[in-house]
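Thanks for making the time this morning. I would like to walk through a handful of local details and then step back to the sheets, so please have the view open as I talk.

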Amino acid sequence: MHILEGVLSAPVLLTGAAITMAGCAVGLKKMDYDRVPQVAILSSTFFVASLVHVPIGPSSVHLILNGIIGLLLGWAAFPAILVALTLQSILFQFGGITALGVNTVNVAGPALVCYYMFSYAVRRENTFISLGSAFACGFLAVLLTSIMTAFALIFTGEAFMEVSKLVVIAHFPVMIIEGIMSAFCVAFLKKVKPEILGVAHAPIKSM
Amino acid sequence: MHRLNLCKEYPRLIKIVAFFLFILLCIAMPASYALAHKVILSAYVEGDSVFVESGFSDGSLCKRAVIEVFDPSGKKLLEGKTNEQGEFFFRPPQKTDLKLVLDAGMGHRDEYTVLADELQDVVIGNQAPGTEAMPAPPAETRKPQGVLKAIDGINAKELESILDRVIQKRLRPLTRLVAKSQRKTGVSATEIFSGIRYILGLMGIVMYFRYRKGGKP
């Protein structure tokens with residue numbers, strides 16, 4: 001979600017910047033030093049994932065991967081995504097520097113929501129519940145991101161129906177792809193490194 | 001067996017390797033996809049028309065996008081859509097600076113200003129803007145006569161206009177090339193890897209301060 005320079009109105013930009021600052025403060029405060037490498041790796045994953053483009057209509061959409069990032073990082077998703085977006089806007093001119101705040105909120109906000117909604121369900125031993133919620137996590141994160149982007153544009157004054165429909169519909173393929181990717185990721189991590197999902201030693205017994 | 005031991009002894013290593021593989025997958029998978037993102041608009045005056053070319057930063061075209069033309073005071077003069085080649089042309093309705101705005105939706109937009117200077121030689125017409133085809137330069141049919149007549153008496157003005165047309169025609173491929181290369185500010189592997197290195201470098205800085213404070217490794 002890279003809204004460019006000069007598209008959004010000042011109140012939207014300032015709100016976005018304020019929320020991003022607050023989110024980053026909480027994220028840095030909560031971030032355990034032992035998890036710094038993990039945050040960095042996921043930050044670079046996000047950085048690269050945005051280059052995977054799916055052309056749709058006159059525009060194009062790209063992978064976001066905020067579902068899995070939120071799931072693994074929680075509040076630390078805010079600083080991770082802010083860093084990646086900053087580098088993208090400097091190196092690739094993806095998104096404006098002034099729009100960084102809004103863009104970060106649009107990506108990291110849903111990541112955080114998904115963390116609270118699914119981090120417990122994903123840890124369950126039951127494969128169906130675990131992978132199902134991982135899929136839902138990836139799907140919902142992109143859905144929320146597209147809805148938030150639509151709202152950011154609407155508050156600036158673009159026509160409501162047209163924009164929101166376009167952004168949300170255009171991201172539908174991405175939602176499916178990311179749902180599947182999240183499910184694979186969770187399945188893989190559960191096998192190889194369950195601690196990363198917050199499972200202490202053994203998966204939580206399903207009730 | 002050896003692999004199992006590795007997993008137990010270096011869990012973090014495995015984790016990092018796994019994610020790097022994931023990143024590599026992300027890079028390798030989309031090789032065929034366009035790395036499109038930023039839209040870029042460029043315009044040049046040719047004959048009596050302003051030609052607008054639009055595209056994404058990887059050089060792909062920006063089809064059926066809305067282009068609006070404003071005068072310096074912000075009044076909308078006309079509006080149109082780009083064709084399948086991402087092109088659009090219009091007859092400028094007045095000789096002032098013209099601000100062109102391209103909107104490809106979802107926050108993809110760009111602006112370009114055609115200066116009044118460039119429009120000096122334009123004959124103001126009020127034909128509707130269009131994208132059907134390039135208007136055939138009127139020079140094509142008249143040129144042979146002009147050249148023949150040049151022998152018995154040609155004034156400076158005629159000569160200038162003939163030269164103008166011919167030069168414009170010859171320069172067209174070049175103008176396009178320049179316009180296209182202006183758009184090409186795309187992503188290269190160097191930038192991708194430097195971005196990743198920046199992030200890892202930041203991680204290094206954080207780790208440095210942590211260890212300097214005397215935290216437990």
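Let me begin with Met31 of chain A, which, leaving aside residues up to four places away in sequence, touches Val39(A) and Ala76(A). I should say at once that this is a predicted model, and that everything I quote is computed from it. Met31(A) sits in the loop between helix H1, residues 10-30, and H2 of chain A, and if you look along the sequence you will find that Met31(A) and Trp75(A) are 44 residues apart, while in space their C-alpha atoms are 7.7 Å apart. Is Met31(A) buried or exposed? It is buried, because 20 other C-beta atoms lie within 10 Å, and 20 is the number at which a residue begins to count as buried.

One of the two contacts, Val39(A), takes us into helix H2 of chain A, where Val39(A) is among the buried residues. Helix H2(A), residues 36-49, has 14 residues and reaches 20 Å from its first C-alpha to its last, which is close to the 20 Å expected at 1.5 Å a residue. Twelve of those 14 residues are buried, so H2(A) is largely enclosed by the rest of the structure. The buried set includes Gln38(A), Ser43(A), Ser44(A) and Thr45(A), as well as Ile41(A), Leu42(A), Phe46(A) and Phe47(A).

Staying in chain A, please turn to Leu65(A), whose place is in the loop between strand S2, residues 59-62, and H3. What is the sign of phi at Leu65(A)? The value is positive, near 60 degrees, in a residue other than glycine. As background, most residues other than glycine have a negative phi. Leu65(A) also counts as buried, because there are 29 C-beta neighbours inside 10 Å.

Helix H3 of chain A, residues 66-73, packs against helix H6 of chain A, residues 127-156, at an angle of about 110 degrees, with the axes 7 Å apart. That angle makes H3(A) roughly perpendicular to H6(A). On the H3(A) side the contact is made by Asn66(A), Gly67(A), Ile68(A), Gly70(A) and Leu71(A), and on the H6(A) side by Cys137(A), Gly138(A), Leu140(A), Ala141(A), Val142(A) and Thr145(A). Sorted by type, the residues of this contact are six nonpolar, five polar and no charged.

Now to chain B, which has five helices and seven strands. Read along the sequence, chain B follows the pattern α-α-β-β-β-β-β-β-β-α-α-α. Of the 217 residues in chain B, buried residues make up 23%, and of the contacts in chain B with a separation of 6 or more, 58% are between residues 24 or more positions apart.

How are the strands of chain B arranged? Three of them form an open sheet in the order S1-S2-S5, with antiparallel pairing. The edge strands are S1(B), residues 39-46, and S5(B), residues 87-90, each of which pairs on one side only. Neighbouring strands of this sheet are turned by 20 degrees against each other on average, direction ignored.

Within that sheet, S1(B) and S2(B) pair over eight bridges in the antiparallel sense, and Ile40(B) has Gly55(B) as its bridge partner in S2(B). The hairpin of these two strands has two residues between them, and Gly47(B) there takes a positive phi near 60 degrees. Although S1(B) is an edge strand, it is mostly covered, with six of its eight residues buried. On the other side, S2(B), residues 49-56, pairs with S5(B) in the antiparallel sense over four bridges, and here Phe51(B) has Phe89(B) as its bridge partner.

The other sheet I want to show is an open one of four strands in the order S4-S3-S6-S7 of chain B, with antiparallel pairing. S4(B), residues 76-81, and S7(B), residues 109-114, stand at the edges with a single partner strand each, so one side of each is left without a neighbour in the sheet. The twist from one strand to the next averages 20 degrees. Lastly, S3(B), residues 66-70, and S4(B) pair in the antiparallel sense over five bridges, with Gly80(B) of S4(B) as the bridge partner of Ile67(B).

Conventions. Residues numbered from 1 in each chain as written. Chains lettered and ligands numbered in written order. Predicted model: local features only at pLDDT ≥ 70, side-chain atom pairs only at ≥ 80, totals over all residues. Expected span 1.5 Å × (residues − 1). Pairing = 2+ DSSP bridges. Axes fitted to C-alpha atoms, helices over the stretch in contact; angles between N-to-C directions. Contact = placed C-beta atoms within 7 Å. Parallel < 35°, antiparallel > 145°, perpendicular 65-115°, else oblique. Nonpolar A, V, L, I, M, F, W, Y, C, P; charged D, E, K, R; others polar.
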